[in-house]
Amino acid sequence: MPTPEAGRTPGHRASRLAVVDPATGDAFDEAPDQQPDELDAVVDRARRAWTGWRADPAARATGLRAAADAVEAAGDDLAPLLTREQGKPLAESYAEVARTAARLRYFAGLAPRTRPVDDGRPVRGEIRWRPLGPVGAIVPWNFPLQIAAAKFAPALAAGNTVVLKPSPYTPLATRLLGSVLATALPQDVLTVVTGREPLGARLASHPGIRHVTFTGSVPTGRAVAGAAASSLARVTLELGGNDAAVLLDDVDVDRIADRLFWAAFRNCGQVCMAVKRVYAPARLHAEVVEALAHRAKTVVVGPGLDPDTRLGPVNNAPQLARVERVTRQALAAGARAAAGGHRLDGPGHFFAPTILTDVPADDPVVTGEQFGPVLPVLPYRDLDEAVEAANGTDFGLGGSVWGTDLDRAEAVADRLDCGTAWINHHAELSLAQPFAGVKNSGVGVAGGPWGLYGNLRPFVVHRPQEA
Ligand code: NAD
């Protein structure tokens, strides 16, 4: 089966990257497999374009609004292509396109605030904000457009230019997005580059890049931080998650089961802040398992372009192999599949939605990030122990607490060691909120005004007070 790792002709400059439809397992198109040394010219053009782009905030806001309009107008082209290469149901691709436009519009409306330095001395100090220069954005395959926009919208609004590298598994919709944005933005303000490694590593270490903003796995995040050390560029890392959902003993299982299921299984579980573990009171454990297993067994799994599909395939063959391996290991360690537990027969990267019970607390499916349609449900007797277990991994992206008494649920949520906690929900983010993981889940703050300032540097001017 062709994958982005296969098929490059060594030394051949104009090589191509095969793009696989995860619903069939077959390559259906190609993208340029750009070589690392091509980045010199790309970054140089981004640096030249920066001079004009940084100069006029009003023109930037107008450009970004026009870009948002152009993205919306291109929805019928972008969404099916996104589904084809990523696998998600078409309605979710349309929603992703809408969120991409919304992000552009939100940041078009933000501007940094000049502030006085007020320390009582007879000197007038003023903090102004300056852009950093060309930004290198490296993104994963689970939400190619939306995560890219979370990078480039604040970076562009702040007056930087951007070189964007999508995952080699999902280059096509991003390339199309780049062409759509080019109709609204000045030349070279945003450039999309596609190709296999070491293209990303070179972007992260390129001396002309002044901010490396990365979303992806923890090991790659570490490599990116190491690469950026050579140029001492600013680094923002949005990494993996292993979010826990803690159910309280007053939870109404019937009422929350749908929401909880989708918090874990949306985008086939390939969401950094999906629910990846459920802690249920021992008394309710069987009921919770049954409610989730019922949904896992009856949800329509199929190609994303089929209008009945609610759950698509896993995006790529290595990820499918990882999901299968993690599940097999858990089953071998004594877990039981209340639903699923195996790949689905037939073509494509399909895995049966899986609910695991009787899982050892130290099994990798609990302590690590499965990033697929597999959910362990663990019983607890003591709430303090459940909170300790929820906080007991190397991750700290999000978490949620589910119950009827909202004050009590909020008090428990307050004890979660993560960046965002929800009550009776999960993973619903506001454009205006800061987004930051703790521990291995990230470095730096994205989202809202914090995301804008994350792409700016303070510049301070001191002058004497007028005589
Ligand atoms: P990944 O780390 O394998 O790849 C991410 C990106 O980095 C891709 O574009 C890839 O081509 C590139 N890359 C690979 N090696 C590189 C290197 N040495 N230097 C520079 N770039 C390199 O991640 P993935 O498998 O594409 O995505 C899944 C992971 O992303 C999961 O761990 C998930 O939790 C995480 N994620 C996190 C967030 C968040 O906001 N915290 C959001 C979505 C996904």
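Me: A polar contact is a pair of N or O atoms within 3.5 Å. What makes alanine 201 count, with its polar backbone atom and a nitrogen atom of the ligand?

Reply: The two atoms are 3.3 Å apart. That is within 3.5 Å, so the pair is a polar contact. This is a predicted model, where local features need pLDDT of at least 70, side-chain atom pairs need 80 or more, and totals for chains, interfaces and linings use all residues. Residues are numbered from 1 along each chain as its sequence is written, and side-chain values use heavy atoms, without hydrogens or water.

Me: What makes leucine 239 and tryptophan 141 partners of the ligand too?

Reply: A polar backbone atom of leucine 239 lies 2.5 Å from a ligand nitrogen. A polar side-chain atom of tryptophan 141 lies 3.0 Å from a ligand oxygen. The protein covers 87% of the 850 Å² of accessible area that the ligand has on its own (Shrake-Rupley method, 1.4 Å probe).

Me: How do you know that the ligand lies between domain 1 and domain 2?

Reply: Both domain 1 (15-239 + 432-463) and domain 2 (243-423) give residues to the shell around the ligand, so the ligand lies between them. The bounds come from an automatic or database domain assignment.

Me: What makes a residue part of that shell?

Reply: One of its heavy atoms must lie within 4 Å of the ligand. There are 28 such residues, and Val139, Ser217, Thr220, Leu239 and Glu369 come nearest. By class, 15 are nonpolar, nine polar and four charged. Glycine counts as polar here.

Me: Why is the bond joining glutamate 197 and proline 198 notable?

Reply: Most peptide bonds are trans. The bond between glutamate 197 and proline 198 is cis, with omega about 15 degrees.

Me: What makes phenylalanine 371 stand out?

Reply: Its phi is near 50 degrees, a positive value in a residue other than glycine. Most residues other than glycine have a negative phi.

Note on methods
A polar contact is a pair of N or O atoms within 3.5 Å; within protein, one must be able to donate a hydrogen and the other to accept it, and residues adjacent in sequence count only if both atoms are side-chain atoms.
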